[in-house]
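Visitor: I have a model open and would like to learn how to read it. Could you take me through it feature by feature?

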Amino acid sequence: MINLDKVYLLNPHYHLRHDIHRVVLFSRGGTDQDCSRNWQTFIHPLQAALLSFFTHNRTIRETLPLLCDYFCKSPRTIEKWVAEFIENPQPIYTNSQQGRIYFPKRVLIEAEKAEGNLRFDRLDADSFIWKKLDLKTRRLYTGPAIVTFMLTNRCITHCRYCYADTSTIADTPLPTGRIMELIDEAAQIQVRQVNLIGGEVFLHKDWQSVLKKLVELDIAPEYISTKMPMNSERIAALTDIGYRGTIQVSLDACDEIVLQTSIGTRKGYTEAVLEGLQMLDESSLDYQVSSVLTTYNCDIGVLARMLQKLTTLKRIRDWRIVPVSNSITKEINEFICLKPKQEQIATLFKQMRPLMAQHSSFPIILGEETMNKQFGKTEGGSCNFSGSECSALTTHLFILPDGQATICEQLYWNPHFIIGDVGRNSLKEVWNSQRALQLYNLTRSDISTRSQCHKCALFDSCFGYQNRCWSDIIKAYGADCWDFPDPRCKFAPEMKNRLDYE
């Protein structure tokens, strides 16, 4: 039974964004206990209208008559609708003519349980009007859900395996003032999150101002990755800003010689990073460690020594070990000597498991999914590809240091995928630019006859679903073969440059 005298509200971690033909329900912040994190689904505008009644400071007793009048339904029907969303412990779904509509857990909660997150947005149900319903198209109509700023491509290391384009010089970097304007626009169009990456984020002269604004607008990045040794000044700045995300410290080994050879560091770098980790451990900031596995550190002795150092830390969130993957910006011959064999990686991970069991104070995440891509085996087109779905052209916009916008973090300044310039245009204008829409709506005539995709019977469904990995295609076949099949496809030709681990 619903307690009619309680005030329930839309969980403050959830937001409703009108996307012309549907409404995006997404989460921002929160923990696994109080919401479904990283959630994003399309819901019917009428469902958004119903939830909007719970963004006002009213009891259920006051809200039910308003809902009955709005939907012309009986109190019994309305109570049944509402009850499904109140403190639901697991995600739920409803059925529609366009398929299932999914909702996260704990959609409506007691106002008392919102604690410091208590917020009444007072949304207007009539603001979610629509003409044509579309719950299937993956691309957002009104702009990206996530924006990534590559603040700079400068770095302090020279990683032999780095996938970033650190050689292109941004002669006219995007002014900080323009970045601030774009952040304001991002908040206005209700992006879920704005990410900051490098190069090295902390090398940008105004990183503090940029991050502070993102924190104030509640669209700060979930984590910031760095290879710079943390020091008291940076930690104090992050703390003063109020950043609540995670600092990801990239450290491949604790052996100085290994790092000097693989990432080109100077003497004393390893000690400085370890000292920085100790400072993080003593601060209020969340942090984790990430290691890229190459032939230089694919050794149980190297990783055991690393683990011994990390176990002295009390607050480390986790340690992630991910095998190196190919890069568009590096020649394949350079990677042949950097990529361990699959058997070497499997043996190392097997040797790691007893050590992981002995040191269970923090999770150690082995990136085994990297080795399990099913190249040349997937049937049925891109909707069936395993792994994370591609966000290029559907939800994500990537901004380079000079303001040029591209569709994917790993494509960088490839002219074929540049869709605009945020130095001259707004995020919405770039998102819906002629080039962006051309790439999203490719036809057979846009595909060369040498590509197996040109005559494929699955062309419309495969390209329409937009889950082909453009960067993997270019890595496997070369930049001039951008229109080839995704190497996971059953009809993909033999890779010129192997992406798997031999």
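Guide: Start with the secondary structure, which comes to 15 helices and 17 strands in this protein. Keep in mind that this is a predicted model.

Visitor: Into which domains is the protein divided?

Guide: There are domain 1, residues 8-127, and domain 2, residues 245-372. Their centres, taken over C-alpha atoms, are separated by 42 Å.

Visitor: How do I read the overall dimensions?

Guide: One way is to set the radius of gyration against the value for a compact globule. For 502 residues that value would be near 23 Å, and the protein has 24 Å, so the two agree. The C-alpha trace spans about 70 × 60 × 50 Å along the principal axes.

Visitor: What share of the residues is buried?

Guide: Buried residues are 53% of the 502 in the protein. As for the surface, about 23700 Å² is exposed, and carbon and sulfur atoms supply 49% of that area.

Visitor: What do the contacts say about sequence separation?

Guide: Take the contacts between residues at least 6 apart in sequence: 69% of them join residues at least 24 apart.

Visitor: How far apart are the mean positions of the positive and negative charges?

Guide: The distance is 4 Å, with 58 positive and 58 negative charges in the protein.

Visitor: Now single residues. Is Leu108 buried or exposed?

Guide: The cut-off for buried is under 20% relative accessible area. Leu108 has 0% relative accessibility and therefore counts as buried. Leu108 belongs to strand β7, residues 108-110.

Visitor: Which residues does Leu108 contact, beyond neighbours within four places in sequence?

Guide: The list is Leu9, Leu10, Leu51, Phe54, Val82, Phe85, Ile86 and Glu87. A C-alpha distance can be set beside the sequence separation as well: Pro12 is 96 residues from Leu108 in sequence, with 9.1 Å between their C-alpha atoms.

Visitor: Leu51 is on that list. Where is Leu51 found?

Guide: Leu51 is in helix α1, which covers residues 45-52. Leu51 has a relative accessibility of 0%, so this residue counts as buried. Apart from residues up to four places away in sequence, Leu51 touches Leu10, Leu16, Ile43, Phe85, Phe103, Val107 and Leu108. For a pair further along the chain, take Leu51 and Cys408: they are 357 residues apart in sequence and 34 Å apart in space, C-alpha to C-alpha.

Visitor: How should I treat a residue in a loop?

Guide: Check its accessibility and its contacts separately. Ala170 lies in the loop between β8 (146-150) and α4 (176-188). At 19% relative accessibility, Ala170 counts as buried, because the cut-off is under 20%. Leaving aside neighbours within four places in sequence, Ala170 is in contact with Pro401 and Asp402. Asp402 is 232 residues from Ala170 along the chain, yet their C-alpha atoms are separated by 5.4 Å.

Visitor: Is Lys314, another loop residue, buried or exposed?

Guide: Exposed means over 50% relative accessible area. Lys314 has 75% and is therefore exposed. The loop that holds Lys314 runs between α9 (300-310) and β13 (319-323). Between the C-alpha atoms of Lys314 and Asn153 there are 33 Å, with 161 residues separating the two along the chain.

Visitor: What should I look for in the backbone?

Guide: Look at the phi and omega angles. Phi of Arg106 is near 50°, which is positive in a residue other than glycine. Arg106 sits in the loop between β6 (99-103) and β7. With 15% relative accessibility, Arg106 counts as buried.

Visitor: What is phi near in Leu393?

Guide: Phi of Leu393 is near 70°, again a positive value in a residue other than glycine. Leu393 is in the loop between β14 (364-366) and β15 (396-399). At 1% relative accessibility, Leu393 counts as buried.

Visitor: And omega: which residues are joined by a cis peptide bond?

Guide: Gly198 and Gly199 are joined by one, with omega about 20°. Gly199 is located in the loop between β9 (193-197) and α5 (207-216).

Key. Residues numbered from 1 in each chain as written. Predicted model: local features only at pLDDT ≥ 70, side-chain atom pairs only at ≥ 80, totals over all residues. Heavy atoms only, no water. Domains from an automatic or database assignment. Helix = DSSP H or I, 4+ residues; strand = E, 2+ residues; numbered from the N terminus. Rg over C-alpha atoms; globule rule 2.2 N^0.38 Å. Buried < 20%, exposed > 50% of the residue type's maximum accessible area, 1.4 Å probe, protein only. Contact = heavy atoms within 4.5 Å. Areas by Shrake-Rupley, 256 points an atom, 1.4 Å probe, with all protein chains shown as cover. Lys, Arg positive; Asp, Glu negative; His and termini not counted. Charge placed at Lys NZ, Arg CZ, Asp CG, Glu CD.
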